[in-house]
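Student: I would like a close look at one part of this protein, a single residue and what surrounds it. Please start there and then work outwards.

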Amino acid sequence: MRPFTAAVITTAILAAGIVVITGVAGSLLGSRSAAPRPVLSVIEVIETDRDVSIIVRNNELYTASGSLWYTLESPTNGEVAYTAAPVTFSQLTPRSERSFSLPRPPAEIDAGEWVLRAWASEQIANVEAGTFPLDSLTQRVTIASDAAMEITNAALVPQPDGYTLQADLRFVGDAQAERAYRYTLSLAQVVRDESSGLLLPQARSYLSDFQALQIGPNEVVSTDFSDAVTLPAGEFTLSLWVQLANADGVFEHYTQFTYGEILQTDSSGS
């Protein structure tokens, strides 16, 4: 075997040096390519009445930068109803974890059960974001309603001579003092506009008698409502109207809540 000469050894050393320098410089200059597996992992999600906290872990042996966000998805069909604005970060040291706080979903999101999915992705300068493997963690959450007075469930139950309107109602008292309220429920028929597909309200078809309520500070009152109603065939919206007694004991309009689902009757009237 021909012995290595000084020139061969020198060339090998130079080549190795170029490889090392290129690897280090590429990382320093942000030109490193995306890893084939998620560099960042979402390891925990904590949803409170103040915020959504997401804990992210750096799985690699180098300092990482990235972004994180969350989505709210329907538990029945997976449709995304809300995407939080991404939060970007840098200098997450190797094999370490960091907690980030994101705002809660806006008030426009319907109350009820949702799938909250937290996402994390590495970021490298000059590399398109879509090239990075994503990591996510899901959990079921309940978004509480901000409505002080609301209809939580309702139905028109067929009877031999008409229908029974059944509704579950929820009331939250004033934070400062005990107050006197009264409420009524109304049904208004709606028709669908053929050109726009919108539901257009028509005349009121039903208005219940007023029911009295005395509610303490921050007290939550849940009650059932049931009444016989006679309605034509069609589609109806159900609304809750609440009045509050003023200092003189006179009831004045306080709030109104319309149930989110359309109630239907058939052509037989029952």
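**Ser186 and its surroundings**

Tutor: Leaving out residues up to four places away in sequence, Ser186 touches Arg204, Tyr206, Leu207, Thr237, Leu238, Ser239 and Trp241. The model is a predicted one, and that should be kept in mind throughout.

Ser186 belongs to strand β11. Its relative accessible area is 5%. The cut-off for a buried residue is under 20%, so Ser186 counts as buried. One of its neighbours deserves a separate mention: the side chain of Ser186 makes a polar contact with the side chain of Trp241, at 2.9 Å.

The next residue to look at is Leu187. Not counting neighbours within four places in sequence, Leu187 is in contact with Leu156, Leu165, Arg204, Ser205, Tyr206, Leu231, Phe236, Thr237, Leu238 and Leu263. Arg204, Tyr206, Thr237 and Leu238 are on this list, and these four residues also touch Ser186.

Leu187 leads to the largest nonpolar core, which has 27 residues. The members that touch the most other members are Ile151, Leu165, Leu169, Phe171, Leu187, Leu238 and Leu240. Several strands contribute to this core: β9 (149–159), β10 (162–172), β11 (179–192), β13 (211–215), β14 (220–229) and β15 (234–245) each supply at least two of its residues. A second core, separate from this one, has 22 residues, among them Phe89, Leu102, Ile109 and Ala120.

Three of the strands that supply the largest core can be followed further. An open sheet is formed by three strands in the order β9-β10-β14, with antiparallel pairing. Its edge strands are β9 and β14, each of which pairs on one side only. From one strand to the next, the twist averages 15 degrees. Between β10 and β14, which run antiparallel, there are 10 bridges. As an example of a bridge, Asp168 has Asp224 in β14 as its partner. The loop between β13 and β14 contains Asn218. Asn218 has a positive phi, near 60 degrees, and is a residue other than glycine.

Another open sheet of three strands has the order β1-β2-β6, and its pairing is antiparallel too. β1 (40–47) and β6 (97–103) are at its edges with a single partner strand each, so one side of each has no neighbour in the sheet. Neighbouring strands here are turned by 25 degrees against each other on average, direction ignored. Seven bridges join β1 to strand β2 (residues 51–58) in the antiparallel sense, and Leu40 stands opposite Asn58 in β2. In the loop between β5 (87–92) and β6 lies Arg95. Arg95 has a positive phi of about 55 degrees although it is not a glycine, and at 45% relative accessibility it is partly exposed.

A hairpin comes next. Strand β3 (residues 64–73) and strand β4 (residues 80–83) run antiparallel and are joined by three bridges. Leu72 has Tyr82 in β4 as its bridge partner. Six residues lie between β3 and β4, and Gly78 in the turn has a positive phi of about 75 degrees.

From Gly78 one can step to Val115. The two are 37 residues apart along the chain, and their C-alpha atoms are separated by 8.2 Å. Val115 is in strand β7 (residues 112–122), and with a relative accessible area of 15% it is buried. Beyond four places in sequence, Val115 touches Thr71, Leu72, Glu73, Pro75, Thr138, Gln139 and Arg140. Leu72 is thus both a contact of Val115 and the bridge partner of Tyr82.

The whole protein can now be put around these parts. The protein has one helix and 17 strands. Of its 270 residues, 34% are buried. Among contacts with a separation of 6 or more, 65% are between residues 24 or more positions apart.

Last comes confidence. The average pLDDT of the protein is 81, and 79% of the residues score at least 70. Confidence is highest in β14, at 95, and lowest in helix α1 (residues 6–28), at a mean of 41. Over residues 6–31 pLDDT stays under 50, and the model has six contacts beyond four places in sequence for them. Where pLDDT is low, the predicted coordinates should not be read in detail.

Note on methods:
Residues are numbered from 1 along each chain as its sequence is written. This is a predicted model: local features need pLDDT of at least 70, side-chain atom pairs count only at pLDDT 80 or more; totals for chains, interfaces and linings use all residues. Side-chain values use heavy atoms; hydrogens and water are left out. A nonpolar core is a set of buried Ala, Val, Leu, Ile, Met, Phe, Trp, Tyr and Cys residues joined through side-chain atoms within 4.5 Å. Buried means under 20% relative accessible area, exposed over 50%, partly exposed in between (1.4 Å probe, protein chains only). Helices (H or I, at least four residues) and strands (E, at least two) are DSSP runs, numbered from the N terminus. Contact means heavy atoms within 4.5 Å. Two strands pair if DSSP finds at least two bridges between them. Axes are lines fitted to C-alpha atoms, for helices over the stretch in contact, and angles run from 0 to 180 degrees between N-to-C directions. A polar contact is a pair of N or O atoms within 3.5 Å; within protein, one must be able to donate a hydrogen and the other to accept it, and residues adjacent in sequence count only if both atoms are side-chain atoms. pLDDT is the predictor's confidence in each residue, from 0 to 100.
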